[in-house]
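User: I am new to this structure and would like to understand the labels used for it. Could you take me through the reasoning behind them?

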Amino acid sequence: MGYQSEAELEKNLHKQLVNQGYQAVKIANYDALLANFKQQLNLFNEHKLNNQPISDIEFKRILTLIEGKSIYDSAKILRDKLLVEREDGTQLYIELLNTKDWCKNLFQVTTQTTIAGKYTNRYDVTILINGLPLVQIELKRRGLDFKEAFNQIQRYRRHTFSGLYRFLQIFVVSNGVDTKYFSNSDYDVQFGFTFFWSDERNELITNLQDFSRTFLQPCQLAKMISRYMVINDTDKALMVMRPYQVYAVEALVKRATETNNNGFIWHTTGSGKTLTSFKAGQILADEESIKKVFFLVDRQDLDSQTIAEFNRFQKGAVDRTDKTEILIEQVKDPMKRFIVTTIQKMNNAIKNPRYENVMAPYKQENVVFIIDECHRSQFGDMRKEIDRHFQNAQYFGFTGTPRFVENKSQDGRTTADLFEKCIHHYLIKDAIRDGNVLGFSVEYIRTFNANINEDDDTKVQAINTDEVWHDERRLNLVADHILDNHIRRSKSKGYCALFAVDSIPTLIKYYDIFRKKNHNLNIAGIYSYGQNEESDGIGEHSREALDRMILNYNNMYNTDYSTETWDRYFSDVSKKVKHAQIDILLVVKMFLTGFDSKPLNTLYVDKNMVYHDLLQAFSRTNRVEKSTKPYGTIVCYRNLKDNTDNAIKLFSRTDNVDTVLMGSYDEYLQIFKEAVKNLREIAVIPEEVDELEREVDKRKFIVAFKNVTKMLQRLQSFSDFEFNEVELTISQQSYEDYKSKYFKVYEEFKRSEVSKESILHDIDFELELMHTDKINVSYILNLIASLNTENEKERDKEIRFIKQELDHASDPKLRLKIELIKSFLDKVAPTLAPDESVSDAYNRYEEKMSEQELSAFAKEVDIEDNILREQVSTYEYSNLIEKNTIMDSLSGSFLKKNKTIKAITSFIHDFTEKYGA
């Protein structure tokens with residue numbers, strides 16, 4: 001095909017890297033690699049050698065220390081100092097990498113090194129730092145899927161990446177137009193864990209030339225390897241951070257060290273916030289100006305999963321106990337500069353007089369608090385107490401779903417009210433685009449047919465809608481729908497699901513319905529029961545029901561849990577969902593936030609949800625796994641269409657993120673005073689509430705008092721709040737008296753609502769598919785690859801299905817290829833033999849069609865084929881079109897040439913977009 005050849009791509013990249021500051025060096029084979037490494041090691045450590053270069057014997061000692069290690073061990077050696085005994089008996093510390101002053105390393109580039117192992121392989125482009133091969137770049141010409149370069153690296157890893165090549169840290173794969181990077185590993189690497197680079201605004205940098213100018217700039221590359229790679233001690237693995245994680249850490253560190261301000265990071269759920277926040281904490285802990293860095297989590301979030309995740313990044317980072325004494329010991333230790341603890345333990349440490357001697361000195365010290373899931377744990381009195389104690393502290397929050405005005409917290413505050421400013425964002429639409437989380441396929445199922453709008457409370461106030469939603473017939477139909485489809489959704493039980501319902505009684509009902517039906521699914525339920533919940537003495541207590549569920553669970557899995565060992569039951573359920581050993585788990589609130597399970601691919605929903613609750617719940621399904629999980633599946637048995645759209649719009653916006661600034665105490669105080677004034681216009685003193693007779697006046701009172709309470713809660717979350725009657729224009733006692741009257745009126749109002757009429761007799765319970773939103777349509781190409789070529793009937797059925805899906809495709813790039821794909825399905829797919837690769841056949845067909853299209857256009861505008869191909873090749877690599885070169889190759893008048901150049905420019909743009917990998 002007329003694309004830029006792989007050799008040309010390599011030549012251009014090599015030239016660019018040399019221009020960026022890399023020294024060109026010819027490394028023909030492994031012996032040449034060793035010789036160069038010895039030379040560079042001498043240069044890099046010259047200041048330590050006292051004019052005595054490393055001898056051959058000393059070099060062999062060094063190789064003995066570093067060769068033949070695992071990739072994990074090599075990564076640790078790379079960042080450490082080597083103790084080497086010299087021939088004269090003295091000892092010398094040798095450095096392999098300068099991890100602090102990144103630009104002071106020695107940078108080289110070589111191409112086409114031939115290495116013999118199980119097979120002989122020739123590597124495209126290798127970047128050496130201080131003589132060690134640390135970055136390997138494999139290229140494929142445009143028109144080929146750059147995944148082929150990824151597969152080639154996998155082959156090299158198995159066959160010839162030994163010796164010093166064990167020090168490889170990062171791999172880069174590219175076909176010129178698409179470029180990704182990923183870390184080396186002792187284990188298999190999934191293509192899903194390869195990453196695009198981007199700029200600070202999350203705009204992708206995929207073109208190889210632009211990628212090289214940014215990511216492969218020598219100092220930046222050394223910085224990535226030194227600062228933004230993580231050695232996972234638990235899994236004994238290497239991890240490289242993604243661009244948005246790097247930019248977030250840099251923004252946070254800059255704000256913490258250059259200002260006294262706070263800030264928050266908005267990174268969508270599932271994008272690796274824990275790693276980002278942990279790395280930021282580690283870097284800040286090395287800053288001399290910062291006394292301590294406290295990483296605060298809410299105790300309810302500190303489950304076994306979270307603890308394991310922290311300990312991956314730093315062994316023993318988390319204390320599992322509730323003992324405040326352990327936190328105090330860590331605070332006392334001057335070497336312990338980075339401490340992970342719970343907000344509850346920190347609150348106890350500053351309030352308990354026993355710990356005053358330890359905690360008091362930190363009141364004026366420069367300390368930094370990093371708060372995980374800050375949309376949840378920080379809307380309470382505990383943060384206020386901590387803020388009051390640490391008077392010179394800075395606070396940085398991490399959240400996937402910030403609180404805005406639309407989804408403000410119960411006390412009426414937003415995330416910006418507490419943390420001032422969003423200093424970096426990475427939104428769900430960015431993460432789906434980058435393949436860092438999956439998109440959603442959302443189905444909305446109507447479960448009864450009635451002429452009412454379920455979202456319009458004014459139309460249905462006289463209808464007992466609870467009776468409708470919880471009617472046995474409806475619940476049975478929902479359960480049947482789930483059972484009828486779950487095996488298919490779960491890929492024959494390879495994946496699992498959560499079923500979120502609106503209450504514990506509903507969960508119990510559903511559980512019992514599933515128990516009575518004929519199926520082979522493992523279904524469990526979990527919730528936290530109330531110790532003193534109300535009971536009429538007839539019905540089953542929720543704890544008794546849970547014990548029944550746990551007894552069935554024990555029989556299913558041969559375990560011995562009960563509600564007495566609820567924590568152990570919770571941990572075991574969590575573990576089994578992570579391994580798809582439970583097919584469907586019924587929940588009310590648990591597991592809908594902060595829970596990660598890659599085999600969890602479906603969420604069934606029979607409850608109303610909005611904004612952050614909705615997106616958090618949906619996001620349980622969108623963790624990247626294998627290609628058999630192209631998206632998270634959401635099945636809604638309520639009409640959440642508008643709620644879903646609103647949530648996605650809210651958490652994908654980018655226009656005013658940096659301007660969501662907190663209101664001041666004085667601004668909220670003025671609003672509060674106005675609310676008190678409005679309240680007193682209805683009832684001057686609390687006792688006057690009893691004199692309100694008209695229903696409209698009572699309604700006004702309820703609304704007015706709720707407004708006062710919302711603003712009071714907002715004021716109370718400021719550190720300097722005190723209930724001062726003069727300032728607030730209301731005393732605390734008066735407020736409490738109004739509150740008592742509010743509860744009295746509210747209860748009366750509830751009891752006097754219009755009588756409810758049952759509409760059950762007039763409702764036709766049925767299931768009807770209302771909407772299907774495939775937010776991510778990329779799975780279309782996977783359908784092509786998995787065509788059944790062995791069964792003609794099945795193949796034709798699958799082809800018809802793919803064509804139907806194509807007709808509804810909304811992805812712009814996919815729409816460019818629709819006619820091409822349909823042509824392949826009509827002309828080529830039916831002719832394939834059972835053992836032929838459909839993907840290979842499609843790639844050959846696309847290559848053939850692009851060749852024909854390019855030749856036909858060259859003939860049409862009267863330009864030589866090879867010149868047009870060269871221009872396409874240049875554009876693919878650098879996004880440049882050399883109009884002067886084109887002009888010189890054309891004949892005719894200036895006006896004709898100018899018109900032809902416009903046509904050629906348009907063709908090159910469309911052609912590269914259409915046939916892009």
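**How the labels are earned**

Analyst: Happily! The accessible surface of the chain comes to about 42,400 Å², and 46% of that belongs to carbon and sulfur atoms. Please keep in mind that this is a predicted model. Of the 917 residues in the chain, 54% are buried. The secondary structure comes to 37 helices and 25 strands.

User: Why is glutamine 16 called buried?

Analyst: Buried means under 20% relative accessible area. Glutamine 16 has a relative accessible area of 12%, so the label buried applies. You will find glutamine 16 in helix α1, which covers residues 6-19.

User: What makes the approach of glutamine 16 to glutamine 209 a polar contact?

Analyst: The side chain of glutamine 16 reaches the backbone oxygen of glutamine 209 at 2.8 Å. The cut-off for such a pair of N or O atoms is within 3.5 Å, so 2.8 Å satisfies the distance. Glutamine 16 also has a partner far along the sequence: serine 212 is 196 residues apart from it, yet 7.8 Å apart in space, C-alpha to C-alpha.

User: And threonine 342, is it buried or exposed?

Analyst: Threonine 342 is buried, because its 4% relative accessibility falls under 20%. This residue lies in strand β15, residues 338-342. Its side chain reaches the backbone nitrogen of lysine 345 at 3.1 Å, and that distance is within 3.5 Å.

User: How do you know that helix α7 is mostly covered?

Analyst: Helix α7 spans residues 218-227, and 8 of its 10 residues are buried. Among them are Pro218, Leu221, Met224 and Ile225. Lys223 is on the buried list too.

User: What makes lysine 739 and glutamate 736 a salt bridge?

Analyst: Their closest N and O atoms are 3.6 Å apart, and the rule asks for a nitrogen of Lys or Arg within 4 Å of a carboxyl oxygen of Asp or Glu, so the pair qualifies. The two residues are 3 residues apart in helix α29 (residues 732-751), which means about one helical turn separates them. An α-helix has 3.6 residues a turn, so residues three or four places apart point the same way.

User: Why are lysine 739 and glutamate 736 both called partly exposed?

Analyst: Partly exposed covers the range between under 20% and over 50%. Lysine 739 has a relative accessible area of 26%, and glutamate 736 has 32%, so both values belong to that range.

User: How do you know that arginine 869 and aspartate 865 form a salt bridge?

Analyst: The closest N and O atoms are 3.1 Å apart, so the requirement of within 4 Å is met. Arginine 869 and aspartate 865 are 4 residues apart in helix α35 (residues 865-878), separated by about one helical turn. Arginine 869 counts as buried at 16%, while aspartate 865 counts as partly exposed at 29%. Elsewhere, salt bridges that share partners join Arg474, Asp502, Asp606 and Arg638 into one network. A search of the whole structure finds 30 salt bridges.

User: Why are the rings of phenylalanine 278 and phenylalanine 295 called tilted?

Analyst: The count of aromatic pairs comes to 46. For phenylalanine 278 and phenylalanine 295, the ring centres are 6.2 Å apart and the planes are at 50 degrees. Centres within 6.5 Å make a pair, and planes under 30 degrees apart would be stacked and over 60 edge-to-face, so 50 degrees is tilted. Phenylalanine 278 lies in helix α9 (residues 273-285) and phenylalanine 295 in strand β14 (residues 292-297), so the pair ties together parts 17 residues apart in sequence. Both phenylalanine 278 and phenylalanine 295 are buried.

User: What makes arginine 638 count as a charge over the ring of tryptophan 469?

Analyst: Arginine 638 lies over the face of tryptophan 469, at 4.3 Å from the ring centre. The distance rule is within 6 Å, so 4.3 Å meets that part of the test. Lysine 576 likewise lies over the face of tyrosine 557, at 4.9 Å from the ring centre.

Technical notes
Residues numbered from 1 in each chain as written. Predicted model: local features only at pLDDT ≥ 70, side-chain atom pairs only at ≥ 80, totals over all residues. Heavy atoms only, no water. Buried < 20%, exposed > 50% of the residue type's maximum accessible area, 1.4 Å probe, protein only. Polar contact = N/O pair within 3.5 Å; in protein donor to acceptor, adjacent residues only side chain to side chain. Salt bridge = Lys/Arg side-chain N within 4 Å of Asp/Glu carboxyl O. Areas by Shrake-Rupley, 256 points an atom, 1.4 Å probe, with all protein chains shown as cover. Phe/Tyr/Trp six-rings, centres within 6.5 Å; stacked < 30°, edge-to-face > 60°. Lys NZ or Arg CZ within 6 Å of the ring centre and 35° of its normal.
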